[in-house]
Amino acid sequence: MRKEKKLEELLSWWEKPRKIALIAHSRPDGDAIGSCLALKFFLEKKGHTADVIAPDGFPDFLNWMKGSDQVFLHQKNPKTCFAIMANADLICCLDFNALKRIETLADDIAKLHGKRFLMIDHHRDPDDFADYIFWSDEASSTCELVFDLIQRMDGDDLIDTDMAALLYAGMAMDTGVFQYSNTSAKVHEVAAALMSKGIHIEQIHNDVYNQYGENRLRFIGYLLSDKLTVLPAYRTAYMTITMKEAETYQLSTGDKEGIVNLPLAMKDVDIAILFTEDTDRIKISFRSKGDINVDQLARTYFNGGGHRNASGGSTRVSLEETVQILHTALSTFLTT
Ligand SMILES: [Mn+2]
């Protein structure tokens, strides 16, 4: 499904120079940061002022991204972030479609009046808070949508190597490097167009995927040997990470990236789940194969959502209770 709201109006509105704030979701991933930065650079080339805000920090493996050092973190600099939003003519929300996804930053947004909002996103069931919408759950990533938007403005020639690298990286990360079901023919066409801008894909892949320390590999070894539970009846496997374990292995934000996918390597497993204990909640990631809709599972039982094959949620109860909810949920979810 695709949804557009007043896009033509937006395109003529920003023919004049405007002040634009671009916002990524909490715990931003490569698609969120990549799309925000690429759009920022594009808008700057068009004569606008554009600043990127993220609610909190992002993993180290995104530090190579051009402009990553110019991202304002709301958690660190709430006043600067508020000032940027208060001065902006337009606030762009990238890679999320509900204000709850930006947590406390949303409280600041609630204090603003008369702001215009643009939503560019590819997650299911968007909330209707934005004045302008460019949304599609058929798009692989927000980076793909930003590329589409730039094309709509005949801006292809303005995409330089740095912007192409940002868009390519976001698209690659959201498709599991072109392997998930969201990898359409068009994704490859966009990737080809970006490659023609002179990006070095081996370098990008090394920058993103081969930057871990020994601790992460040791931790994965521990998880797989001690913490993996397989539920054959539900073709499901899950792992749990406690705060203590994260501390023991000195895990940083990015070290848990991709771990949720590991159980899907088993032929008899269609659903993989990772529970991560945090100070005030249990965070849950879901992955699935084929037609199994973990967006529905996350939405119905875990206060979350996302995509059919990749979604997330959270609970405010203990890790044990959360796992118990999963067992109950699976028995209902997989029989209905
Ligand atoms: Mn995304």
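A residue counts as buried here when 20 or more other C-beta atoms lie within 10 Å of its own. With that in hand, here are some close-up views of this predicted model.

**View 1. Helix H6 is largely enclosed by the rest of the structure.** Of the 14 residues of H6, 12 are buried, so the helix is largely enclosed by what surrounds it. The buried residues include Met163, Leu166, Leu167, Tyr168, Met171 and Asp174. Their cover includes helix H2 (30-45), helix H5 (142-152), helix H7 (185-195) and helix H8 (201-209). H6 itself spans residues 161-174 and reaches 20 Å from its first C-alpha to its last, close to the 20 Å expected. After the helix comes Gly176, whose phi is positive, near 60°.

**View 2. Leu167 and Tyr168 belong to the largest nonpolar core.** Nonpolar side chains tend to be buried together in soluble globular proteins. The largest nonpolar core here has 66 residues, and those touching the most other members are Ala21, Leu22, Ile23, Cys92, Leu94, Leu167 and Tyr168. H6 gives the most to this core, with 10 residues. Apart from it lies another core, of 23 residues, with Ile273, Phe286, Phe302 and Leu330 among them. Back on H6, look for what Tyr168 contacts beyond its neighbours within four places in sequence: Ala191, Leu194, Ile199 and Ile204.

**View 3. Strand E5 is buried on both faces.** All five of the five residues of E5 (residues 90-94) are buried. Leu90, Cys92 and Leu94 lie on one side, with Ile91 and Cys93 on the other. Side chains alternate between the two faces of the sheet in a regular strand. E5 pairs in the parallel sense with strand E2 (residues 19-23) over four bridges, and Ile20 stands opposite Leu90. E5 also pairs in the parallel sense with strand E6 (residues 116-121), this time over five bridges; there, Ile91 has Phe117 as its bridge partner. Follow the chain from E5 through helix H4 (residues 104-110) to E6 and you trace a right-handed β-α-β unit.

**View 4. Six strands form an open sheet with mixed pairing.** The strand order is E8-E9-E10-E11-E13-E12. Strand E8 (228-231) and strand E12 (305-306) stand at the edges with a single partner strand each, so one side of each is left without a neighbour in the sheet. E8 pairs with strand E9 (residues 236-241) in the antiparallel sense over four bridges, and Leu231 has Thr236 in E9 as its bridge partner. Lying across E9, strand E10 (271-277), strand E11 (282-288) and strand E13 (310-315) is helix H12 (residues 319-333), which runs at about 160° to E10.

**View 5. Arg235 and Asn303 have positive phi values.** Neither place is a glycine, so to speak: phi of Arg235 is near 50°, a positive value in a residue other than glycine, and phi of Asn303 is near 55°, again in a residue other than glycine. You will find Arg235 in the loop between E8 and E9, and Asn303 in the loop between helix H11 (294-301) and E12. Arg235 is partly exposed, with 18 other C-beta atoms within 10 Å. Asn303 also counts as partly exposed, with 15 C-beta neighbours inside 10 Å.

Technical notes
Residues are numbered from 1 along each chain as its sequence is written. This is a predicted model: local features need pLDDT of at least 70, side-chain atom pairs count only at pLDDT 80 or more; totals for chains, interfaces and linings use all residues. Helices (H or I, at least four residues) and strands (E, at least two) are DSSP runs, numbered from the N terminus. The expected span of a helix is 1.5 Å times one less than its number of residues. Two residues are in contact if their C-beta atoms, placed from the backbone, lie within 7 Å. A nonpolar core is a set of buried Ala, Val, Leu, Ile, Met, Phe, Trp, Tyr and Cys residues joined through C-beta atoms within 7 Å. Two strands pair if DSSP finds at least two bridges between them. Axes are lines fitted to C-alpha atoms, for helices over the stretch in contact, and angles run from 0 to 180 degrees between N-to-C directions. A crossover is right-handed if, with the strands pointing away from the viewer, the path from the first strand over the helix to the second runs clockwise.
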